[in-house]
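Subject: Structure handover

Hello,

Below is the structure you asked to take over. My notes on it follow.

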Amino acid sequence: MIIDKYYQKGFEKMIAIGNDHIAYDMKLEIIEHLKSKGLDYLDCGSDTKDQVDYPDYGYAVAKLVSQGICERGVLICGSGVGISISANKVNGIRCVVCS
């Protein structure tokens, strides 16, 4: 599972960020913005523009937030709908589409 490698101390104040292949470039822009503001982040992928299964990334970010490993999460996909649905399957998560 994607989140297994993040089960260690120190991520509590971080922002988890995940995306599908369509939103890869937008994720890079958001990461640059977070860096410019001095905010810590945890990039959960996708790390490619090749087609990926976006629910894996939505789930990973949602689990990191629900378990308190990261404080907040940002998910980005082509429409925002699919990845938010996958995140909302995690108990305690309320993910909405913003545009």
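In which loop is Glu-71 found? Glu-71 sits in the loop between H2 and S3. Please keep in mind throughout that this is a predicted model. With a relative accessibility of 39%, Glu-71 falls between the limits for buried (under 20%) and exposed (over 50%), so Glu-71 counts as partly exposed. Its C-alpha lies 5.2 Å from that of Lys-13, although 58 residues separate Glu-71 and Lys-13 in sequence.

Overall layout

The protein chain contains 3 helices and 3 strands. Read from the N terminus, the order of the elements is β-α-β-α-β-α. Of the 99 residues in the protein chain, 40% are buried. Among contacts with a separation of 6 or more, 69% are between residues 24 or more positions apart.

Helix H2

H2 covers residues 54–66. Does the length of H2 in space fit its number of residues, and what span should one expect at 1.5 Å a residue? The 13 residues of H2 should span 18 Å, and the end C-alpha atoms are 18 Å apart, so the two values agree.

The buried residues of H2 are Tyr-57, Gly-58, Ala-60, Val-61, Ala-62, Lys-63 and Leu-64. The cover over these buried residues includes strand S1 (15–19), S2, strand S3 (72–76) and H3. After H2 comes Gly-68, which has a positive phi, near 75°.

Helix H3 and its crossing with H2

H3 covers residues 81–88. Its buried residues are Gly-82, Ile-83, Ser-84, Ser-86 and Ala-87, and these pack against S1, H2 and S3.

How do H2 and H3 cross? Their axes come within 8 Å and cross at roughly 45°. That angle lies outside the ranges for roughly parallel (under 35 degrees) and roughly perpendicular (65 to 115), so H2 and H3 are oblique to each other. The crossing is right-handed. On the H2 side the contact is made by Tyr-54, Pro-55, Gly-58, Tyr-59 and Ala-62, and on the H3 side by Gly-82, Ile-83, Ser-86 and Ala-87. By type, the residues of this contact are 6 nonpolar, 3 polar and no charged.

The numbering of the contact residues can be read against helix geometry. An α-helix has 3.6 residues a turn, so residues three or four places apart point the same way.

Ser-86 is one of the H3 residues in this contact. Is Ser-86 buried or exposed? Its relative accessibility is 9%, so Ser-86 counts as buried. Apart from neighbours within four places in sequence, Ser-86 is in contact with Tyr-54, Pro-55, Gly-58 and Tyr-59.

Val-81 also belongs to H3. With a relative accessible area of 42%, Val-81 is partly exposed. The C-alpha atoms of Val-81 and Cys-95 are separated by 9.6 Å, with their positions 14 residues apart along the chain. For Val-81 and Cys-98, 17 residues apart along the chain, the C-alpha separation is 9.6 Å. Cys-98 lies in the segment after H3 and is exposed, with a relative accessible area of 69%.

The loop between S2 and H2

Strand S2 (41–43) and H2 are joined by a loop that holds Ser-46. Which peptide bond is cis? The bond from Gly-45 to Ser-46 is cis, with omega near 10°. You may want to look at this bond in the model yourself.

Asp-47 lies in the loop between S2 and H2 as well. At 57% relative accessibility, Asp-47 is over the 50% limit and therefore counts as exposed. Leaving out residues up to four places away in sequence, Asp-47 touches Tyr-24 and Lys-27. The C-alpha atoms of Asp-47 and Asp-25 are 9.9 Å apart, and the two residues are 22 residues apart along the chain.

Regards

Terms used. Residues numbered from 1 in each chain as written. Predicted model: local features only at pLDDT ≥ 70, side-chain atom pairs only at ≥ 80, totals over all residues. Heavy atoms only, no water. Axes fitted to C-alpha atoms, helices over the stretch in contact; angles between N-to-C directions. Helix = DSSP H or I, 4+ residues; strand = E, 2+ residues; numbered from the N terminus. Parallel < 35°, antiparallel > 145°, perpendicular 65-115°, else oblique. Left-handed = near helix turned anticlockwise from the far one by under 90°. Contact = heavy atoms within 4.5 Å. Nonpolar A, V, L, I, M, F, W, Y, C, P; charged D, E, K, R; others polar. Expected span 1.5 Å × (residues − 1). Buried < 20%, exposed > 50% of the residue type's maximum accessible area, 1.4 Å probe, protein only.
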